[in-house]
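Student: I have a new structure open and I'd like to learn how to read it. Could you walk me through it?

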Amino acid sequence: MNRRIASLMLSSALLAGPSLAHAALPDAATLYKNPQCGCCDDYARHLEEMGVDVTIVDDADLNEVKSAAGVPYGLGACHTIEMGNYWIEGHVPMEALEALYEQRPDADGIGLAGMPIGTPGMPGQKQGDWDVYRFTDGESAPFMTL
């Protein structure tokens with residue numbers, strides 16, 4: 001009997017695991033982008049699949065948004081997201097978002113410079129490591145490598 005209970009508990013934990021991992025993400029986000037950028041729309045859809053309600057703003061001055069967010073010069077990407085108490089710059093993989101909202105570091109946000117192939121919203125297979133950085137007041141530091 002104990003073996004059966006342990007098996008049921010393990011099965012329940014495995015089934016609940018994926019939903020618990022996403023539980024830390026905020027319910028809503030605002031994504032600022034260029035109106036012609038389709039990969040940003042794909043990233044928004046990816047967030048929505050994770051249970052985040054995304055508002056897309058495609059008529060904002062992105063330089064102004066990035067400056068207000070504190071994104072370090074030269075580490076920008078095609079879109080900037082305001083989500084919870086953080087800013088997300090670019091096609092940041094979900095593993096990094098989950099880590100951000102679980103760890104809650106003292107930072108303005110995290111980012112992934114450029115538009116790396118294979119990240120959420122970008123087609124293709126992953127090519128090399130993704131260096132996700134955290135930033136505060138325009139200064140960056142390593143956050144995680146995926």
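Tutor: Sure. Let's start with a term we'll need: two strands count as paired if DSSP finds at least two bridges between them. Keep in mind that this is a predicted model. Now look at the hairpin of β3 and β4: two residues sit between its strands, and Gly84 takes a positive phi near 65° there.

Student: In what sense do β3 and β4 pair, and over how many bridges?

Tutor: They pair antiparallel, over four bridges. To see the pairing up close, find Ile81, which stands opposite Ile88 in β4.

Student: And what is the bridge partner of Ile88 in β5?

Tutor: That's Ile110. Here the direction is parallel, with three bridges joining β4 to β5.

Student: Let me zoom out. What is the order of the strands in the sheet?

Tutor: Read it as β2-β1-β3-β4-β5-β6-β7: seven strands in an open sheet, with mixed pairing. At the edges are β2 (53-57) and β7 (139-145), each pairing on one side only. On average, neighbouring strands are turned by 25° against each other, direction ignored.

Student: Which helix packs on that sheet?

Tutor: Helix α4, residues 94-103. It touches β3, β4 (86-89), β5 (109-111), β6 (131-136) and β7, and its direction makes about 110° with that of β7.

Student: How do β1 and β3 run, and how many bridges join them?

Tutor: Antiparallel, with five bridges between β1 (residues 28-33) and β3 (residues 79-83). One spot to check is Thr30, whose bridge partner in β3 is Glu82.

Student: Now side chains. How should I think about the two faces of a strand?

Tutor: In a regular strand, side chains alternate between the two faces of the sheet. Try that on β4: Tyr86 and Ile88 are on one side, Trp87 and Glu89 on the other. Both faces of β4 are covered, and these four residues are all buried.

Student: A buried Glu89 catches my eye. What does its side chain meet in a salt bridge?

Tutor: Lys66, at 2.6 Å from N to O. Lys66 lies in helix α3 (residues 62-69) and Glu89 in strand β4, so this pair ties together parts that are 23 residues apart in sequence. As for burial, Lys66 has a relative accessible area of 13% and counts as buried, while Glu89 is buried at 0%.

Student: How many salt bridges does the structure hold?

Tutor: Three. Another one joins Asp41 and Lys33, at 3.6 Å from N to O. To read their burial, you need the cut-offs: under 20% relative accessible area is buried, over 50% is exposed, and in between is partly exposed. Asp41 has 24%, so it counts as partly exposed, whereas Lys33 is buried at 2%.

Student: And what does Arg45 form a salt bridge with?

Tutor: Asp42, with the closest N and O atoms 2.2 Å apart. These two are three residues apart in helix α2 (residues 38-49), which means about one helical turn separates them. Arg45 is partly exposed, with a relative accessible area of 44%, and Asp42 is partly exposed too, at 34%.

Student: What about aromatic rings? How many aromatic pairs are there?

Tutor: The structure holds three. Take Tyr86 and Tyr101: their ring centres are 5.5 Å apart and the planes meet at 80°, so the pair is edge-to-face. Tyr86 lies in strand β4 and Tyr101 in helix α4, so the contact ties together parts that are 15 residues apart in sequence. Tyr86 is buried at 6% relative accessibility, and Tyr101 is buried at 2%.

Student: Which residue pairs with Phe135, and how are the planes set?

Tutor: Tyr133 is the partner, in a tilted arrangement with 5.9 Å centre to centre and 45° between the planes. For burial, Tyr133 has 6% relative accessibility and counts as buried, and Phe135 is buried at 0%.

Student: One last thing to look for: which ring does the charged end of Lys126 sit over?

Tutor: The ring of Trp130. In your viewer, look for that charged end 4.5 Å from the ring's centre.

How values were computed: Residues are numbered from 1 along each chain as its sequence is written. This is a predicted model: local features need pLDDT of at least 70, side-chain atom pairs count only at pLDDT 80 or more; totals for chains, interfaces and linings use all residues. Side-chain values use heavy atoms; hydrogens and water are left out. Axes are lines fitted to C-alpha atoms, for helices over the stretch in contact, and angles run from 0 to 180 degrees between N-to-C directions. Contact means heavy atoms within 4.5 Å. A salt bridge is a side-chain nitrogen of Lys or Arg within 4 Å of a carboxyl oxygen of Asp or Glu. Buried means under 20% relative accessible area, exposed over 50%, partly exposed in between (1.4 Å probe, protein chains only). Rings of Phe, Tyr and Trp (its six-membered ring) pair if their centres lie within 6.5 Å; planes under 30 degrees apart count as stacked, over 60 as edge-to-face and the rest as tilted. A charge sits over a ring if NZ of Lys or CZ of Arg is within 6 Å of the ring centre and within 35 degrees of the ring normal.
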